[in-house]
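Subject: The structure, and what was found in it

Dear colleague,

I am handing over the structure we spoke about, and I would ask you to open it before you read on. Please keep it in view while you go through the notes.

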Amino acid sequence: MALIHAPIAELAARRHGVVLADEFEMHGVSTDARRRLARAGAIVSVHRGVYRLASAPDTFEAKCAAACVGSAAVVTGLAAASLWGFRHARRPDLPSVLLPHDSNSLASGAIVRRTNVLDPEDVVERPDGIRIASPPRTWFDCARDVGDDTFEAMTEWVIDRHSSVPALWRVVRRLACRGRQGSGRVRRVMSQRDDWQRPAGSKLELRVLRSLEDRSVAELVRQFPIRLENGIVVHPDGADPAVRWAVEIDHVTWHGGRLDAQRDKQRDRWLLEIDWTLE
């Protein structure tokens with residue numbers, strides 16, 4: 001049985017099983033020895049000069065590490081969104097990676113996107129060897145891969161969990177241009193929300209509010225601030241201040257449980273005390 005040197009095994013354990021050919025050489029494993037390991041099935045060639053230990057599972061993270069280790073590639077788009085845990089981002093079969101135009105491409109295992117703009121603020125180095133686009137850059141690059149509704153919901157999620165609205169606008173100003181896929185979608189989604197507006201709680205919320213607005217049921221202001229008699233300011237999902245009517249989109253998927261429900265009912269009673277109707 002072919003044996004893996006301990007330093008190689010330790011290196012691979014930190015990077016989802018991925019090891020470079022140069023690293024084998026560095027740790028005393030000659031080219032011939034490496035070939036014997038491959039013939040014995042102990043290592044698997046992933047790209048030119050990039051291997052994965054056969055004992056390591058071929059996970060999505062392993063594919064991302066194989067694309068990044070030893071190259072200038074940066075995982076982006078839906079692949080990066082999945083790694084960051086963005087809601088509304090489906091995990092693709094293959095990672096998409098950004099590469100500068102003057103960098104060598106990968107042989108296989110990743111979808112390559114060339115770029116002229118890849119600044120240090122766009123890149124996050126992970127301890128496991130994966131180089132990943134920052135949340136704002138990931139968000140921008142996802143615009144080419146999803147429709148308007150999904151991207152709008154993703155935008156609210158990113159603002160709530162990862163980035164400020166000004167930070168997203170800085171990315172838009174830096175990257176959006178004629179011919180760059182997704183630029184139009186980014187501008188449409190960002191332009192239809194106020195900068196002060198709190199992020200929507202769910203895709204359901206966006207869908208219901210959009211439906212009400214499209215049917216001219218009301219001229220809704222999203223997260224309109226209403227000051228209660230006790231001084232607390234609440235922000236219902238949508239409101240028509242002219243008639244003191246507000247709507248809250250509640251769903252078990254988005255609300256946390258009994259305590260949240262009790263707080264919601266108390267807030268509803270306070271709104272009634274100042275002649276607001278909440279549906």
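The notes below go through the cores, the helices, a hairpin and two single residues.

Please bear in mind from the start that this is a predicted model.

I begin with the interior, where, in soluble globular proteins, nonpolar side chains tend to be buried together. The largest nonpolar core here has 25 residues, and the members that touch the most other members are Phe86, Trp139, Phe140, Phe151, Met154, Val186 and Met190. At least two residues of this core are supplied by each of helix 5 (77–84), helix 6 (135–142), helix 7 (148–161), helix 8 (165–175) and helix 9 (183–191), and the largest share, six residues, comes from helix 8. Apart from this core lies another one, of 21 residues, which includes Leu20, Phe60, Val69 and Leu83.

Phe140 is a useful residue to select on your screen, and if residues up to four places away in sequence are not counted, Phe140 touches Val171, Val172, Leu175, Ala176, Arg180, Ser183 and Val186.

Helix 6 deserves some time, since eight of its eight residues are buried. The buried residues are Pro135, Pro136, Arg137, Thr138, Trp139, Phe140, Asp141 and Cys142, and as you go through them you will find charged and polar names beside the nonpolar ones.

How does helix 6 meet helix 8, and at what angle do the two pack? Their axes are 10 Å apart and the angle is about 55 degrees, which makes helix 6 oblique to helix 8. The crossing of these two helices is right-handed, and the residues that meet are Pro136, Arg137, Trp139 and Phe140 in helix 6 and Leu168, Val171, Val172 and Leu175 in helix 8.

Helix 5 also packs on helix 6, with axes that come within 8 Å and cross at roughly 135 degrees, so that helix 5 too is described as oblique to helix 6. Here, however, the crossing is left-handed. On the side of helix 5 the contact is made by Gly77, Leu78, Ala80, Ala81 and Trp84, and on the side of helix 6 by Pro135, Thr138, Asp141 and Cys142.

While you are looking at helix 5, please find Ser82, which has its place there. Is Ser82 buried or exposed? Ser82 counts as buried because its relative accessibility is 17%, and the cut-off for buried is under 20%. Leaving aside neighbours within four places in sequence, Ser82 is in contact with Ala89 and Arg91.

Turning to the strands, strand 2 (residues 43–47) and strand 3 (residues 50–53) pair in the antiparallel sense over four bridges. The two strands form a hairpin with two residues between them, and Gly49, in the turn, has a positive phi of about 80 degrees. Across the pair, His47 stands opposite Val50 in strand 3.

The last residue is Val234, which is found in strand 11 (residues 233–234) and counts as buried because its relative accessibility is 11%. If its neighbours within four places in sequence are left aside, Val234 is in contact with Phe224, Pro225, Ile226, Leu228, Arg267 and Leu271. Of these partners, Arg267 is 33 residues from Val234 in sequence, and yet the two are 8.0 Å apart in space, C-alpha to C-alpha.

With best wishes

Technical notes:
Residues numbered from 1 in each chain as written. Predicted model: local features only at pLDDT ≥ 70, side-chain atom pairs only at ≥ 80, totals over all residues. Heavy atoms only, no water. Core = buried A, V, L, I, M, F, W, Y, C linked by side-chain atoms within 4.5 Å. Buried < 20%, exposed > 50% of the residue type's maximum accessible area, 1.4 Å probe, protein only. Contact = heavy atoms within 4.5 Å. Pairing = 2+ DSSP bridges. Axes fitted to C-alpha atoms, helices over the stretch in contact; angles between N-to-C directions. Parallel < 35°, antiparallel > 145°, perpendicular 65-115°, else oblique. Left-handed = near helix turned anticlockwise from the far one by under 90°.
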